[in-house]
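Dear colleague,

Please find below the structure that I am handing over to you. I would be grateful if you could look through it together with the notes that come after it.

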Amino acid sequence: MATAAATLVATGLPAAACEDDKPVTEAKHSLGDPGAIKGVQPVGNVPDAQGAISANFLSYGKRDVMVVSGQFGLKAYDLTDNPAKPRAIGELSLPGLWETEDTEVDAKRKLVFLSRDPRAFKGNTHTGESGIYVVDVAHPEKPEILSYVKVPAGHTTSCVDDCRYLWTGGPAKADNQPADWGGRPIWVTDVRNPRNPKVYPDPIELARNDGKTDYVHDVQVDKMGVAWVSGAGGVRGYWTSGLHRDPVQNRYRWATALKPVPYAGGGVSETAAPSKFMHNSFHPVGARDDGAWRGHDLVYATEESFLPGCAGDGVLTISSLDGSYQGEGWRSTPEKPFRMRSIGTWGVAGQEGSDPVSDDCSAHYFDLRGHVLVQSFYAQGTRFLDVSDPSNPTQIAYFRPADAASWAPYWHDGYAYVADNKRGIDILKLTA
């Protein structure tokens, strides 16, 4: 704990958000811009959570608690009496923490895993320290750090194999890492004993970008237990437990967090995502039954890309996994690239409710409930899309305050909770 405490000093915004080339500047808005809203009712706001980056939810019997991570550390709010008016109940103060995107929780053991990016506490990607804080929230009024462990990666950390292990990736490579890497891959941490995490020395998910080891940004696990790894070079899924056929080795073997078995996925078509940098993804197991796309296995992913202006910024992509089940995404090379077939895309540039002056338009995190997808687009706010026809995502509602910095939305109990880095938590009710 003395080591952990020694890190909790110094404040300041790191030099970049997700990728090193994103400048930290105030987003441009039209003069006197009042914002825009349609098809959604704002029912609450938590300004106390200004600096929010991510949120998650825990159940304590009949008690419903939201935990919010951000540049302040971790805050806990009780939603039980009124989910539209969260009540602050606890805080773990870590001023200057970065980045804690997609903060994961262990719902059974009541643990929160906070990822420390090397840019936290005025550090940098070249020499900064990265790691994981394991926080006990058995009593959400008093969040407590159980342990802190250094990890060679630290942009995001994600549960796999029922939170017995963590996969931690990103950001850009450190000076002491191989020169031919484009970014940091995944390191595995055993957290079966949360007071004594064990980091395995050898990284996994190498050679993901047409044979090049590159930046792993985030991991999401679907209902089957497949861990979908997003980053430079696309989206690839892995089994982390059970006996499965390995299409790369052409044999059955037991999957583990340290030696996962490839499932499907690969690069996203450059016509859909020119940058090939996939920020996060979602595989909606069992969620589709819309006739026209029955039998098609789809993966949703966000391209995070920042170009001058707005029109070229990152979009939501929807790709077919068909044709990727035999390890094609693991055999891809620059000479013989494999790309998943693009089904549909959606970008915020020029859409109703957008500010045409803003140059901060990249897609960011999203959440899917049925056929309604809610997604953050930074200064262009929160967008609600009907994806019942994946080839034609259609905007049905939007919420764009003039001061929006929408980073991540979450469906919970009929509401959309939006982690807004400037506004705190916005609570929205879809009316469209």
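The notes below cover the disulfides, one sheet and one surface patch.

Please bear in mind that this is a predicted model.

Disulfides. The structure contains two disulfides, and their pattern is 1-2, 3-4 when bonded cysteines are counted along the chain. One of them connects Cys-159 with Cys-163, at an S to S distance of 2.1 Å. The torsion about its S-S bond is about 90°, so this disulfide is right-handed. Cys-159 has a relative accessibility of 7% and therefore counts as buried, the limit being under 20%. Cys-163 is likewise buried, at 9%.

Cys-310 and Cys-361 are also joined, with S to S at 2.0 Å. Here the torsion is about -115°, so the disulfide is left-handed. This pair links distant parts of the chain, 51 residues apart: Cys-310 lies in the loop between strand 22 (298-303) and strand 23 (316-320), and Cys-361 in the loop between strand 24 (339-346) and strand 25 (366-369). Both Cys-310 and Cys-361 are buried.

Sheet. An open, antiparallel sheet is formed by four strands in the order 2-31-30-29. Strand 2 (40-46) and strand 29 (406-412) are its edges, each pairing on one side only. From one strand to the next, the twist averages 25°. Strand 29 and strand 30 (residues 415-420) run antiparallel and are joined by six bridges; Tyr-410 stands opposite Tyr-417 of strand 30.

Surface patch. Leu-243, Tyr-252 and Trp-254 make up a nonpolar patch on the surface, together presenting about 420 Å² of accessible area. Trp-254 belongs to strand 19 (residues 251-254) and is exposed, at 62% relative accessible area.

With kind regards

Conventions: Residues are numbered from 1 along each chain as its sequence is written. This is a predicted model: local features need pLDDT of at least 70, side-chain atom pairs count only at pLDDT 80 or more; totals for chains, interfaces and linings use all residues. Side-chain values use heavy atoms; hydrogens and water are left out. Patches are made of residues with over 30% relative accessible area and no salt bridge: like charges are joined within 9 Å, nonpolar side chains (Val, Leu, Ile, Met, Phe, Trp, Tyr) within 5 Å. Accessible areas come from the Shrake-Rupley method with a 1.4 Å probe; for residues, only the protein chains shown count as cover. A salt bridge is a side-chain nitrogen of Lys or Arg within 4 Å of a carboxyl oxygen of Asp or Glu. Helices (H or I, at least four residues) and strands (E, at least two) are DSSP runs, numbered from the N terminus. Buried means under 20% relative accessible area, exposed over 50%, partly exposed in between (1.4 Å probe, protein chains only). Two strands pair if DSSP finds at least two bridges between them. Axes are lines fitted to C-alpha atoms, for helices over the stretch in contact, and angles run from 0 to 180 degrees between N-to-C directions. A disulfide is a pair of cysteine sulfur atoms within 2.5 Å.
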